[in-house]
Structure formats: structure tokens, C-alpha cells
Amino acid sequence: MCGIVGYIGNRDGADIVLAGLKALEYRGYDSAGMALLDKNNKPTLLKQVGRVDGLEKLLNEEKPADAAIAIGHTRWATHGGPSVLNAHPHSNTSKTIFVVHNGIIENYAELKDWLQTEGYKFISATDTEVLPHLIDHYYKQSNSFEEAFTKTLKEVRGAYAILASTTTEPGKLYAARLSSPMVIGVGQDECIVASDPSAILAHTKEVIYVQDNEMVVVEAGTCHITDLIHDEKVQRETETLDFDVNTAELGDYPHFMLKEIHEAPQTIRLASLGRVNAATNTVKLGGLDSVVNQLSHVDRIVIVACGTSYYAGLVGEYLLEEIAGIPVEVQLASEFKYREEPFCRSTALLAISQSGETADTIAALKKVEDYGVLRLGVVNAIGSTIARMTDAGVYCHAGPEQAVASTKAFIAQVMVLMQIALHLAKEGNELYKPMLEEIEALPAKAEAILKQADTIKAIAEKYKDYRDFLFIGRRYAYPGALEGALKLKEVSYIHAEGYAAGEMKHGPLAMIDENFPTFALAGDGPLLEKTISNMQEIRARSGKIVAVTTEGVNTVAQHADDVIYIPKTLEQTEPILHAVAMQLFSYYVATAKGLDVDRPRNLAKSVTVE
Ligand code: AGP
């Protein structure tokens with residue numbers, strides 16, 4: 001999942017594309033590159049390993065004066081490691097065609113073999129390099145770039161958002177999309193093509209979302225769309241985006257992850273603002289109004305998501321079943337797509353996604369497209385693909401999340417799932433009123449945990465050198481434990497596993513010794529005693545324990561090496577407070593190890609390939 005940006009117009013394309021790449025760096029940061037065509041159609045190709053900042057240095061040294069056409073790329077490596085040769089843009093041997101690509105060309109190996117028999121020389125290990133060579137091959141036959149580009153698109157299989165520029169036809173950019181996101185900003189005598197609006201909004205709010213199987217010839221201020229399936233021209237008006245990508249500023253924080261953890265109280269407020277009112281005992285979710293009838297017939301909900309969003313879904317499962325009495329099944333989107341399971345029309349599919357661009361979750365929604373089932377979304381990124389694909393949904397309003405490790409979005413997702421459960425709750429559910437009141441009290445309780453940051457930092461530094469970590473919890477704390485383990489894995493690279501505490505004796509206990517500590521979520525809920533016996537099992541094997549329990553509970557400390565106390569809350573809202581404590585713990589372990597917490601190795605913020 002890479003970021004691509006292209007510019008065509010009369011302004012300095014290099015700077016506009018560079019700024020766009022910075023906005024899209026959350027999509028991948030293994031390498032960055034740019035191809036520029038100046039007014040005399042002279043190409044400049046700049047590529048380097050690592051973050052976009054490095055490309056900026058290169059640009060300052062070698063930028064041509066007037067690059068009116070520019071395409072750029074920030075990479076998350078899929079085929080071929082981070083290197084200058086594997087960095088995009090890729091070109092044909094005669095350097096007349098330049099291509100950037102986000103996605104995977106699944107049949108690249110056979111195409112490469114064939115092109116090599118045709119005499120083409122490859123310099124990289126990437127799948128993408130087949131594109132400029134294939135275009136070159138067809139261009140030699142037709143002398144028409146549009147025809148060559150179209151033929152190439154019909155040859156390749158997989159997922160792609162492709163941008164191409166060529167010295168053979170200055171004044172045009174060529175773009176195409178198949179499942180990877182692409183949007184075109186149409187300005188005054190200029191166009192900006194990008195993976196998402198964050199690279200465009202500084203220039204125009206007039207955009208065209210490119211659909212699957214479309215090829216676009218982009219000129220300065222106009223776009224010509226062709227539907228590749230039906231080989232016909234497509235007329236599409238621009239739509240005006242009604243949101244700003246307010247670039248999250250770091251402020252006084254050293255990292256976006258810490259900033260976004262400290263946004264927890266505000267995140268909780270924003271996720272329930274204008275929705276929950278304990279005084280009037282009401283929950284209002286305007287985003288579901290348009291499907292209120294279908295919702296009333298829903299008798300089963302299947303939640304699909306990936307990573308942290310999946311774990312939020314698991315908390316949602318407990319909430320929806322306990323509060324709304326609706327059976328729920330949570331499935332990994334990457335598995336859901338390939339499962340042959342019966343689906344009836346009274347089942348709703350609920351997709352959860354921070355970015356709204358995760359390919360596996362999009363594929364899950366596409367799978368049930370013709371099933372006639374209700375497709376709902378819990379999404380943070382406004383105007384994203386999943387938000388536009390679903391019949392209705394609820395935005396998380398957590399604001400842009402910059403750090404790759406999702407923190408505030410998880411909290412906002414659980415808050416929204418809580419409200420959906422309350423919105424669907426049966427009349428007289430005994431949890432309804434206490435939950436509404438607790439939702440309004442949660443921001444202050446999250447604040448109380450943030451105030452313990454120094455204590456949690458000291459504990460984290462004590463455990464930074466362990467190579468393995470177990471996270472355990474029961475009921476609502478079980479998905480919490482899974483999420484805690486993922487957070488530690490992502491930013492500290494420590495092998496961490498989340499487990500249902502009751503499962504310990506069925507295997508994981510074998511791993512436990514003085515070198516394998518455990519993070520135990522042991523709040524004062526109905527299963528505290530059971531969790532304490534699991535902690536005793538661990539202690540009996542010399543396992544060290546960091547416990548998170550409720551203020552006033554005095555039966556946990558004796559079974560733990562370190563304890564983090566959180567304010568008293570309901571079991572159903574506890575995952576929110578557990579998350580704040582575990583996010584801080586993971587952040588401080590990672591920073592104690594001197595790691596790049598905002599841009600962990602091998603990861604990217606939005607996974608737009610399967
Ligand atoms: C979480 O910290 C990770 N960034 C990752 O697991 C993420 O949750 C997953 O890729 C799903 O992303 P989404 O919510 O944007 O769909």
C-alpha cells in the first residue's frame with residue numbers, strides 16, 4: 001500500500017507532488033521517488049530509500065526549474081526490498097515512459113518472462129516494472145500511448161492505482177484504477193491525481209473519484225474517463241468535498257502516537273457528541289436513520305474488519321449481544337472473503353475501518369454486494385471508499401490518525417459500537433441508563449489514567465528488554481488483551497500474544513517462566529476472582545505480572561509485580577480505559593527501545609492491497 005500523486009498544470013509540479021507525498025507517507029515509507037517533465041519535455045527521475053524528507057533533499061539539489069508534469073510515489077515494499085532500484089517511478093529502458101503504482105500485479109512473473117523473451121531488460125525486483133515495458137511494447141506497435149496503456153491494463157491482473165507520464169505525449173497524464181483507491185482533484189487549468197484527498201485538498205475541493213476498471217486521460221483542468229469493461233466513455237461531474245483534512249500537528253508531543261493517546265478524553269467526547277444524552281435517556285445516530293426499517297428486521301450481524309478494528313469488533317460483539325440481544329459473529333475480513341457461509345437477507349454486514357481503505361474489508365463488502373443484505377460501516381476517514389460503499393454508517397469523528405499504531409481510532413470505534421448497541425437496545429434493558437451516564441463520565445476517567453503516564457513509563461522501562469509478553473483478560477477484557485498485545489507487537493517488535501485468561505491452562509501456560517511476563521486485565525468485574533486464579537497459575541511458574549485493576553481493589557497487588565490502577569467503571573466500558581493504559585505501556589516500551597513509534601518497520605497505516 002503505497003501513496004501515489006501526480007500533477008499536471010502550470011504551477012511547480014515538483015513541490016505540489018512532494019507535499020502530496022508527505023501527506024500520504026502513512027501509506028508506506030520504504031522509499032520515495034518522482035519523475036518530472038519540464039516545459040521542454042526533458043525528464044528528471046529522482047529516487048531514494050527511506051522517508052519523503054530524503055527525496056526533498058534530492059529535489060533541492062536536482063529539481064528542474066519548471067516541472068509542469070510530475071508523478072511521485074511513497075512505497076510500502078511488496079515485491080523487492082527497499083532499494084533505489086526498486087523505488088518508483090519505474091521506466092522503460094529509453095526513459096520515455098514513467099510509472100508509479102499502488103497495488104500488486106499478480107501475473108507480473110509471466111509477463112516479465114515474456115517481455116524478457118522479447119528482449120526487455122529489467123533492473124528491479126518489483127512487479128510494477130512490467131508496466132512501463134509492456135506499455136513500451138504496445139506503443140511501438142500503435143504509436144498511440146492511450147492505446148498502449150489500455151492494452152497493458154487489459155493484460156495485467158491484480159490490484160492497481162497507476163499513474164503514467166511520457167515524453168511521447170507531453171501535456172497528458174494517464175491514470176487507471178482497479179480496487180486501489182484513486183481520486184482526481186480538478187482545479188483551474190490543473191489536475192492533481194492521488195491515492196486519497198489528503199494530497200489534493202490544499203489545492204481544490206472539486207474531485208472525481210475514479211471507479212474500478214476505469215482509465216483516465218488527465219490534462220490540465222480536464223479528465224477523460226473510459227470504462228475498460230464496456231470500452232465506452234464515461235461522463236462524471238466533479239463532487240465537492242465537504243471536509244478538510246486538518247493535518248494533525250504534532251504540537252509539543254515527541255510523537256503522533258503519544259499525542260493521539262492523550263486525545264482519548266476528547267476522542268470519547270467527539271464520538272458521542274450530539275448522539276448520547278443521559279439526561280434525556282436518548283441515543284441518536286443520524287447516520288442510521290436512512291435504514292431504520294431494514295435495521296428493525298436485522299436478526300444477525302456479521303462484523304468484518306482487520307487488525308485493531310477487528311479487536312474493536314470483538315468488543316462490539318459482547319456489547320451488541322448483551323445490550324441489543326442480536327447474535328453477532330466477528331470475522332477477519334481477509335478470511336471472510338473466501339469463506340463459503342450461508343447468508344440470509346436479515347443478516348447485516350458491519351464493516352469497521354479507521355482508514356476506510358483497507359482492501360480486505362472492501363473485498364468483504366464487495367462479496368455481499370448482490371446478497372441484498374444491509375451493509376453498515378463504522379469508519380473514521382470521511383469520504384473514504386468504505387464510507388461511500390456502505391448503505392449507512394456511523395463516523396468515529398476521531399480526526400486524522402497519523403501514527404501507524406491505531407490508538408484513538410480504537411477508542412472511538414468501541415465508543416461507536418457501544419452507541420449502536422444502545423441504539424438497537426430492546427426497551428427496558430437494565431444496562432441502558434447506567435451506560436449513558438458512564439459514557440458521559442468516561443472522558444474524566446481516561447484523563448485520570450493519562451495522569452499516571454510517568455508511573456506507566458517507569459513500569460514499561462522495567463519490561464523493555466523482555467522478548468515475549470502475554471496479555472490475558474476475560475469477557476470484555478479478552479478482546480482488550482488481544483488489542484494490547486497487538487499494540488506492543490506493532491511498536492516494540494516484542495513477540496506478544498493476547499489470550500483468554502481461561503485458556504491459559506490449555507497450552508500457553510507452558511511458555512511461562514521468569515522470562516515471559518504477563519499483562520493481566522483484572523478489573524473489579526464479575527470474573528475478577530477467576531482472573532486472579534489465572535494470575536496465581538502464572539506466579540506459580542515464576543511468571544512476572546503487570547496487572548491493570550480498579551482503584552479500591554486490594555486483592556490483586558499481592559499476585560502482581562506491578563499494578564496500574566484505573567478508575568471504577570462498568571465492565572462494558574472498561575475496554576476504553578484498559579486501552580489507554582496499554583497504549584501508554586506499549587508507547588513507553590517502544591520509546592525506551594529507541595524505536596520509531598510513529599512509523600514502525602514493515603507496516604503502513606492503510607493496507608490497500610490484499
Ligand atoms: C493497528 O494499529 C494497525 N495499524 C492495523 O492493524 C489496522 O488496525 C488495520 O490495518 C485495519 O486498518 P483500518 O482500521 O484502517 O481498516
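Two strands pair if DSSP finds at least two bridges between them, and the strands (E, at least two residues) and helices (H or I, at least four residues) named below are DSSP runs numbered from the N terminus. The structure is a predicted model, in which local features need pLDDT of at least 70 and side-chain atom pairs count only at pLDDT 80 or more, while totals for chains, interfaces and linings use all residues. Residues are numbered from 1 along each chain as its sequence is written, and side-chain values use heavy atoms, with hydrogens and water left out.

**Exercise 1. Strand β25 and its partners**

Task: Work out which residue in β26 is the bridge partner of Leu-521, and in which sense β25 and β26 pair.

Solution: Begin with β26 (residues 545-550), which pairs with β25 in the parallel sense over four bridges; within β26, Val-548 is the bridge partner of Leu-521. The chain passes from β25 to β26 by way of helix α17 (residues 528-539), and this β-α-β crossover is right-handed, a term that applies if, with the strands pointing away from the viewer, the path from the first strand over the helix to the second runs clockwise.

Next take strand β23 (residues 468-473), which also pairs with β25 in the parallel sense, over three bridges, and in which Phe-471 stands opposite Phe-519 of β25.

Finally, consider the side chains of β25 (residues 518-521): Thr-518 and Ala-520 point one way, Phe-519 and Leu-521 point the other way, and all are buried, where buried means under 20% relative accessible area, exposed over 50%, and partly exposed in between (1.4 Å probe, protein chains only). In a regular strand the side chains alternate between the two faces of the sheet.

**Exercise 2. The surroundings of Lys-112**

Task: Determine which side chain of opposite charge is nearest to Lys-112, and how many Å away it is.

Solution: Locate Lys-112 in helix α3 (residues 108-117). The nearest side chain of opposite charge is Glu-129, 5.6 Å away, and Lys-112 is buried yet has no salt bridge; a salt bridge would require a side-chain nitrogen of Lys or Arg within 4 Å of a carboxyl oxygen of Asp or Glu, and in assigning charge Lys and Arg count as positive and Asp and Glu as negative, with His and the chain ends not counted. A polar atom of the Lys-112 side chain does lie 3.5 Å from the backbone oxygen of Ser-124. Leaving aside residues up to four places away in sequence, Lys-112 touches Phe-122, Ser-124 and Val-130, contact being heavy atoms within 4.5 Å.

**Exercise 3. Two threonines**

Task: Decide whether Thr-128 is buried or exposed, and do likewise for Thr-361.

Solution: Thr-128, in the loop between α3 and α4 (130-142), has a relative accessible area of 1% and is therefore buried. With residues up to four places away in sequence not counted, Thr-128 touches His-88, His-90, Val-99 and His-101; one of these, His-88, is joined to Pro-89 by a cis peptide bond with omega about 0°.

Thr-361, in helix α11 (residues 359-367), is likewise buried because its relative accessible area is 1%. Its contacts, again not counting residues up to four places away in sequence, include Val-304, Cys-306 and Ile-386.

**Exercise 4. Positive phi**

Task: Establish how Asn-143 counts in terms of relative accessibility.

Solution: Asn-143 lies in the loop between α4 and α5 (145-155), and its phi is near 55°, a positive value in a residue other than glycine. Asn-143 counts as exposed because its relative accessibility is 59%.

Technical notes. Polar contact = N/O pair within 3.5 Å; in protein donor to acceptor, adjacent residues only side chain to side chain.
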